[in-house]
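Trainee: I would like a close look at a single part of this model. Please take me through the largest pocket, and then place it against the rest of the chain.

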Amino acid sequence: MAAYLVGAIILIYGIFQIAGGAKVYKTSKGKGILSIVRGVLSVIVSIISFTHPVLTMISAGYMIAFSVLMQGINMIVLGINFGKTEN
């Protein structure tokens, strides 16, 4: 059950990343593409976790670490660009 829960959370996160990347793409192509790619990778990881729950439980630590790393990079990029206005 935990593998399916992890997969569902990563799937929801990936969908929101893709949607957010599509919005950001209009103002900044680089950030938009990065966000869309991370979203697609999250969706792929979630599909793998749904189809192979044993593999998911074995590699859950690595997937969580990767997800947290990607979120950290995203927060750093957002922090650097926070408050800047696009001209």
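**The largest pocket and its lining**

Mentor: Helix 4 is the element that gives the most to the lining of the largest pocket, with 5 residues (helices are DSSP runs of H or I of at least four residues, strands runs of E of at least two, numbered from the N terminus). This is a predicted model, where local features need pLDDT of at least 70 and side-chain atom pairs pLDDT 80 or more, while totals for chains, interfaces and linings use all residues. Residues are numbered from 1 along each chain as its sequence is written, and side-chain values use heavy atoms, with hydrogens and water left out.

The volume of the largest pocket is about 230 Å³; a pocket is an open set of points on a 1 Å grid where a 1.4 Å probe fits, with protein on both sides within 12 Å along at least five of seven lines, and lining residues have an atom within 4 Å of a point. Its lining holds 14 residues, and the ones closest to the pocket centre are V24, K31, S35, N74 and L78. Two or more lining residues come from each of helix 1, helix 2 and helix 4, the last of which spans 60-81. Sorted by class, 7 of the lining residues are polar, 5 are nonpolar and 2 are charged (Gly counts as polar; Asp, Glu, Lys and Arg count as charged).

Now the rest of the protein. The secondary structure consists of 4 helices and 0 strands, and along the sequence the pattern reads α-α-α-α. Taken along the principal axes, the C-alpha atoms fill a box of roughly 50 × 20 × 15 Å. The protein has 87 residues, of which 24% count as buried (buried is under 20% relative accessible area, exposed is over 50%, partly exposed lies in between, with a 1.4 Å probe and protein chains only).

Two isoleucines of helix 2 can be read against those limits. One is I36, which lies in helix 2 and counts as partly exposed because its relative accessibility is 28%. I36 also pairs up with a residue from elsewhere in the sequence: G14 is 22 residues away along the chain, yet the C-alpha atoms of I36 and G14 are 8.5 Å apart in space. The other isoleucine, I48, is likewise part of helix 2. Its relative accessible area is 38%, so I48 is partly exposed.

To return to the pocket: helix 4 supplies 5 of the lining residues, and N74 and L78 are among those closest to the centre.

Key:
Points joined across faces, edges and corners; volume = space filled by probe spheres on them.
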